[in-house]
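Work through the exercises below with the sequence and the structure open beside you. Try each task by yourself before reading its solution.

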Amino acid sequence: MLRIDADAHVLETEKTWEYMEGAERKFRPQVVGAHDGSSDDEYWLVDGTLRLKSRNVGKNTPLASRELRDVGARLKHMDELGVDVQVIFPTIFIIPLTPRPEIELALCRSYNRWMADNWRQAKDRLRWVAVLPLLSMDRVYDEARLAKENGAAGIFLRGSECDLLLSDSYFFPLYDAASRLDLPICIHSATGSPILFNYFKYETIGFSKFKLVLVGAFHNMIMDGIPERFPRLKVAFLEVSAQWLPYVLADLAKRYHLQGRELNKKELLRESRFYVGCETSDDLPYIVEHAGDDNLVVGTDYGHADSATELLALRGVLEDKRLGAPVANKIVGANARALYGL
C-alpha cells in the first residue's frame with residue numbers, strides 16, 4: 001500500500017523565481033527584512049507590497065527539505081515519517097499577491113517550472129499541484145497541460161478566488177480544463193479574494209478568511225450543481241479537517257428536501273467526486289458514519305507550523321483503534337491514489 005501525504009508544502013526561495021525570463025524578470029519577488037532591524041522577520045516584496053515570509057514555518061522539518069534545496073533530504077525525512085509519496089502545495093500563494101494579470105502569470109509560470117525541476121529529481125515520490133493564472137483564463141489549459149506533463153497531480157485553488165464564488169461561471173473554463181486533463185481541483189485552506197483578505201486583515205489566525213470560506217465553497221458548489229455540470233471533475237477540500245462534514249451534509253439535506261429532492265448524505269462525496277482532508281483529532285468514526293469512507297484523505301501539512309500540522313498524521317490514522325484496518329488503509333492510501341490518479 002502506498003502511504004500518501006495528500007497535503008504537504010514547500011516554502012519558496014529566491015530560486016523559485018529564477019525561471020522568469022526576459023521582461024518577466026522585473027516581476028521577481030524579493031526577500032527583504034525589517035528596515036530598522038527590530039525583528040528577524042523576512043518579507044516577500046511582490047508587486048510593491050510586503051507579504052510576511054517568515055510566518056508558519058515548520059521548524060520541525062530540515063530547512064533544506066522544507067525549501068526543497070535538497071530533494072534527497074526531503075526523501076530521507078519522508079522515509080523516517082513513513083510516507084511514500086507527498087503531494088506538495090505552495091506557501092506564498094495562500095494569499096492574494098497581485099491584481100495584475102501579467103505578474104500573476106509570471107509568478108505561476110516560474111513556480112510551476114521550479115516544481116517541475118524538483119519533481120524530475122524524485123519522480124513518483126514528490127508530486128505537486130499547479131498554480132494557474134486565473135486572471136488570464138485563456139492561458140489556463142496550456143499551463144495545466146504543461147504542468148501535468150511534468151509531474152503535477154492537481155490544480156491549486158483557494159476557498160475564494162477573484163472576489164467570486166467558486167461556483168461562478170467565470171471558473172467554468174478552469175473546470176473544463178481540469179476535466180479534460182484528469183487533474184483534480186485542490187481547494188486548500190486559503191483565500192484569493194482581495195475583498196475577503198482585507199476584510200479579515202486583523203484576524204491573525206486565519207480561521208474565518210482561510211478555513212470557513214472553504215466550507216462555504218463546498219456548500220456552494222453542491223447547491224449550484226458543479227458536479228452535474230462537470231461529471232468528470234474531481235474536487236478536494238483540504239486543511240480544514242473534516243469535522244464540519246456532518247453539519248454541512250445535514251444542511252444540504254434540508255435544502256434538497258425543500259426543493260423536492262432527497263439527498264443520500266452518505267453517498268454525496270462519492271457521487272459528486274468530492275474529497276475531504278481529515279485530521280487525527282477528528283471524530284473519524286462519526287464522520288465515516290455520515291459521509292462514508294471512500295473520499296477521505298489525510299495530509300501532514302509538512303513544512304508548516306499551524307493547527308493542521310501533524311508530521312505523523314498518516315501513522316496516527318493507521319494506528320487509530322477507532323477505525324478498522326480497511327478504513328484506515330483507504331484514508332492513507334487508496335483514496336488519495338484515486339483523487340490524484342497515482
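The exercises that follow concern a predicted model, and they deal with helices, their packing, and a few single residues.

**Exercise 1. Check the span of helix α3 (residues 101-122) against the value expected at 1.5 Å a residue.**

Solution. Begin with the number of residues in α3, which is 22. The expected span is 1.5 Å times one less than the number of residues, and for α3 this gives 32 Å. Next, take the distance between the end C-alpha atoms of α3, which is 32 Å, so that the expected and the actual span agree. Finally, look just past the helix, where α3 is followed by lysine 123, a residue with a positive phi near 50 degrees.

**Exercise 2. Describe how α3 packs against helix α4 (residues 140-149), starting from the angle at which their axes cross.**

Solution. The axes of α3 and α4 come within 10 Å of each other and cross at roughly 15 degrees. Since angles under 35 degrees count as roughly parallel, α3 is therefore roughly parallel to α4. The handedness comes next, and α3 passes α4 in a left-handed crossing. On the side of α3, the contact is made by Cys108, Arg109, Asn112, Arg113 and Trp119, while α4 contributes Glu143, Leu146 and Glu149. Sorted by class, this contact between α3 and α4 holds 3 nonpolar, 1 polar and 4 charged residues. When you look at the spacing of such positions along a helix, keep in mind that an α-helix has 3.6 residues a turn, so residues three or four places apart point the same way.

**Exercise 3. Repeat the analysis for α4 and helix α5 (residues 172-181).**

Solution. Here the axes come within 9 Å, and they cross at roughly 30 degrees. With the cut-off for roughly parallel helices at under 35 degrees, it follows that α4 is roughly parallel to α5. The crossing of α4 and α5 is right-handed. From α4, the residues in the contact are Val140, Tyr141, Ala144, Arg145 and Lys148, and from α5 they are Leu174, Ala177, Arg180 and Leu181. By class, the contact of α4 with α5 has 6 nonpolar residues, no polar ones and 3 charged ones.

**Exercise 4. Build up a picture of helix α9 (residues 245-258), from its span to its surroundings.**

Solution. Start with the span: α9 has 14 residues and reaches 20 Å from its first C-alpha to its last, which is close to the 20 Å expected at 1.5 Å a residue. Then list the buried residues of α9, namely Leu245, Pro246, Val248, Leu249, Asp251, Leu252, Ala253 and Tyr256. The elements that cover these buried residues include α7 (207-223), α10 (268-272), β10 (274-278), α11 (284-291) and β11 (296-298).

Now turn to α11 in particular, which packs against α9 at an angle of about 25 degrees, with the axes 9 Å apart. That angle makes α9 roughly parallel to α11, and the crossing of the two helices is left-handed. In this contact, Leu245, Pro246 and Leu249 of α9 meet Tyr286, Ile287, His290 and Ala291 of α11. The residues of the contact between α9 and α11 divide into 6 nonpolar, 1 polar and no charged. Just after α9, glycine 260 takes a positive phi of about 80 degrees.

**Exercise 5. Is glutamate 239 buried or exposed, and what of aspartate 301 and lysine 59?**

Solution. First locate glutamate 239, which lies in the loop between β9 (235-238) and α9, and which has a positive phi near 70 degrees although it is a residue other than glycine. A residue counts as buried under 20% relative accessible area, so glutamate 239, with 8%, is buried.

Aspartate 301 sits in the loop between β11 and α12 (313-318), and its phi, near 65 degrees, is again positive in a residue other than glycine. With a relative accessible area of 1%, aspartate 301 is buried.

Lysine 59 belongs to the loop between β4 (49-52) and α1 (63-66). Its relative accessible area is 69%, and lysine 59 is therefore exposed. As a last step, compare sequence with space: lysine 59 and alanine 305 are 246 residues apart along the chain, and their C-alpha atoms are separated by 7.5 Å.

Definitions and conventions: Residues are numbered from 1 along each chain as its sequence is written. This is a predicted model: local features need pLDDT of at least 70, side-chain atom pairs count only at pLDDT 80 or more; totals for chains, interfaces and linings use all residues. Side-chain values use heavy atoms; hydrogens and water are left out. Helices (H or I, at least four residues) and strands (E, at least two) are DSSP runs, numbered from the N terminus. Axes are lines fitted to C-alpha atoms, for helices over the stretch in contact, and angles run from 0 to 180 degrees between N-to-C directions. Angles under 35 degrees count as roughly parallel, over 145 as roughly antiparallel, 65 to 115 as roughly perpendicular and the rest as oblique. A crossing is left-handed if the near helix is turned anticlockwise from the far one by less than a right angle, and right-handed if clockwise. Contact means heavy atoms within 4.5 Å. Ala, Val, Leu, Ile, Met, Phe, Trp, Tyr, Cys and Pro count as nonpolar, Asp, Glu, Lys and Arg as charged, and the others, Gly among them, as polar. Buried means under 20% relative accessible area, exposed over 50%, partly exposed in between (1.4 Å probe, protein chains only).
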